Amino acid sequence: MPDPAPTSVSMETLVALCKRRGFIFQSSEIYGGINGFFDFGPLGAELKKNIRDCWWDDMVRRRDDIVGIETSIIMHPKVWEASGHVAGFTDPLVDCKASKQRYRADQLFFAEVVVDGKSVGYVSALESERTAEALQEAAESLKRKKAIQGKLEPVAPRDMTEAKPEEIALIPSPATGEPGSLTPPRSFNMMFQTNVGAMTDASSVAYLRPETAQGMFADFKAVVDTGRVKLPFGIAQIGRSFRNEITPRNFIFRSREFEQMEMEYFIHEDADWAKCHREWIDWCRGWLVSIGLPESHLSEFNHPREKLAFYSRGTTDIMFRYPFGVQELWGIAARGDYDLKQHEKHSGVSQAIFDEATKRKIVPHVIEPAVGVDRIFLAVLCAGYAEEDVKDEKGAVEKRTVLRLSPRIAPVKVAVFPLLKNKPELVARAEDLHRKLKRRYAVFYDESGAIGRRYRRQDEIGTPWCVTIDFETIEKDGTFTLRERDSMQQKRIGEAELFALLEEKVY
Ligand code: GAP
């Protein structure tokens with residue numbers, strides 16, 4: 001795959017493409033939509049499935065040390081007490097009493113406006129790529145509005161978790177622009193609650209899982225007892241997770257229902273965890289590149305020691321350069337033996353296993369790579385999207401929109417065209433090839449419009465190859481034209497060669 005220039009596509013353009021071509025729709029759109037929930041259309045469902053399948057194949061099937069499981073979305077509520085989610089899976093929430101808007105306190109920034117050393121008020125802004133500039137502009141505007149003379153000091157942005165109690169009433173709400181309506185931050189638990197069974201009292205409370213990881217910990221002993229696994233080994237899972245995010249945003253980047261691909265890699269308590277952690281970071285980066293993400297868009301962020309949970313040894317996020325900034329794509333955490341020990345304590349069931357090498361019973365430690373399918377989905381669209389000036393058959397310059405998706409994940413692998421739709425012999429041959437390809441691959445048959453237009457339609461949805469059946473195919477050696485999406489180069493190949501190409505590139 002070529003390493004394209006830094007992504008400059010706007011989210012507006014991407015969202016429009018996703019809607020126009022049937023990748024993603026707002027959930028329940030006919031009723032006005034529901035914030036933080038999305039539906040995947042025909043092409044989106046294929047692309048998402050391909051991302052999942054590639055991960056499962058590489059993470060589980062092609063390795064001897066990792067097994068895959070599928071656990072229920074609703075688990076015993078004690079699981080979430082043991083994991084710490086009931087007490088601590090919270091975000092700080094600020095309400096605006098006037099507008100009824102809710103904000104995540106760590107995403108709502110404010111600054112004191114100081115002129116000639118004297119405080120003259122406060123300004124606020126929601127977190128963005130230019131929070132500091134927005135606050136500085138708001139401070140200048142406040143000074144002008146109040147007609148205050150003197151030197152405005154540069155603003156010092158803080159978020160609402162850092163506001164002193166006496167400052168809260170002075171900070172303007174971003175919704176109304178007026179102070180006095182924001183509440184102090186309070187903890188808001190992000191787990192969706194439900195009730196199991198006919199009763200709706202406290203005894204029936206359960207939660208939609210906020211992560212898939214606890215399924216692997218809760219089933220750890222069951223897998224060990226049945227799976228013939230020995231340290232080091234991993235348990236992987238793909239599944240839906242649910243978080244009642246205060247501010248879902250950036251399209252599918254932060255939503256309330258999403259899909260996770262998580263793996264818990266269990267290692268001996270004496271193993272070199274830092275080495276193993278690094279190996280998994282490298283594996284994850286390599287895997288992202290293997291499905292078409294350019295290295296140039298990836299970076300790493302090491303969580304500072306002081307911000308880590310007490311049990312955590314280290315967490316590194318693989319970051320991706322989205323149009324709205326560099327953001328977390330994949331978190332790789334070294335969690336020690338915290339999770340298994342917590343479940344041991346809360347369930348009363350020992351989580352220790354017998355280690356053949358040391359002839360001792362131990363509770364293993366864990367390295368956890370955890371990623372969201374939806375974030376990868378968005379990343380491949382952002383990195384793959386391009387608009388180019390190209391020449392049509394008559395030499396006129398036109399714009400083409402192209403999605404440079406890796407053949408591994410492209411929703412359609414090959415499009416098959418008969419050169420002309422009114423020539424039965426061309427159509428019959430094209431239909432025959434389409435039928436053969438369809439048995440193994442997602443393919444698309446299109447006979448309407450000029451060939452150039454048919455190419456453009458496929459470029460826009462990321463189809464790596466188009467095949468055109470022409471008169472040479474039926475009159476000569478059976479070869480057809482293969483047109484490659486990124487280079488737009490064409491060459492003649494036969495059926496066996498096409499299948500060999502697909503075998504090599506689609507794995
Ligand atoms: N078990 C660890 C865990 O769940 P996390 O960092 O909260 O860690 C892991 O989530 C990954 O799941 C993130 O790196 C991100 O890719 C994805 N993710 C988390 N919250 C999400 C949301 N609200 N919407 C979409 N993806 C999300």
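This passage describes the ligand site and the surroundings of strand β6 in a predicted model.

We can start with the ligand. A shell of 18 residues surrounds the ligand, and E211, R243, E262, E328 and L329 are the closest of them. By residue class, the shell holds 8 charged, 6 nonpolar and 4 polar residues. Three strands, β13 (257-267), β16 (325-336) and β19 (365-372), each contribute at least two residues to this shell; the largest share, 4 residues, belongs to β19.

Several polar atoms of the protein can be paired with atoms of the ligand. In E262, a polar side-chain atom sits 2.5 Å from a ligand nitrogen. For R243, an N or O atom of the side chain is 2.8 Å from a ligand oxygen. F253 takes part through its backbone, where an N or O atom lies 3.3 Å from a nitrogen atom of the ligand. On its own the ligand has 550 Å² of accessible area, of which the protein covers 88%.

Turning to strand β6, which spans residues 108-115, 7 of its 8 residues are buried, so the strand is largely enclosed by the rest of the structure. Strand β7 (residues 118-126) runs antiparallel to β6 and is joined to it by 8 bridges; one of the pairings places A111 opposite V123 of β7 as its bridge partner. The two strands form a hairpin with 2 residues between them, and D116 in the turn has a positive phi of about 50°. β6 also runs antiparallel to strand β8 (residues 158-159), with 2 bridges joining them. Here, F109 has D159 of β8 as its bridge partner.

Notes: Residues numbered from 1 in each chain as written. Predicted model: local features only at pLDDT ≥ 70, side-chain atom pairs only at ≥ 80, totals over all residues. Heavy atoms only, no water. Near = heavy atom within 4 Å. Polar contact = N/O pair within 3.5 Å; in protein donor to acceptor, adjacent residues only side chain to side chain. Areas by Shrake-Rupley, 256 points an atom, 1.4 Å probe, with all protein chains shown as cover. Nonpolar A, V, L, I, M, F, W, Y, C, P; charged D, E, K, R; others polar. Buried < 20%, exposed > 50% of the residue type's maximum accessible area, 1.4 Å probe, protein only. Pairing = 2+ DSSP bridges.
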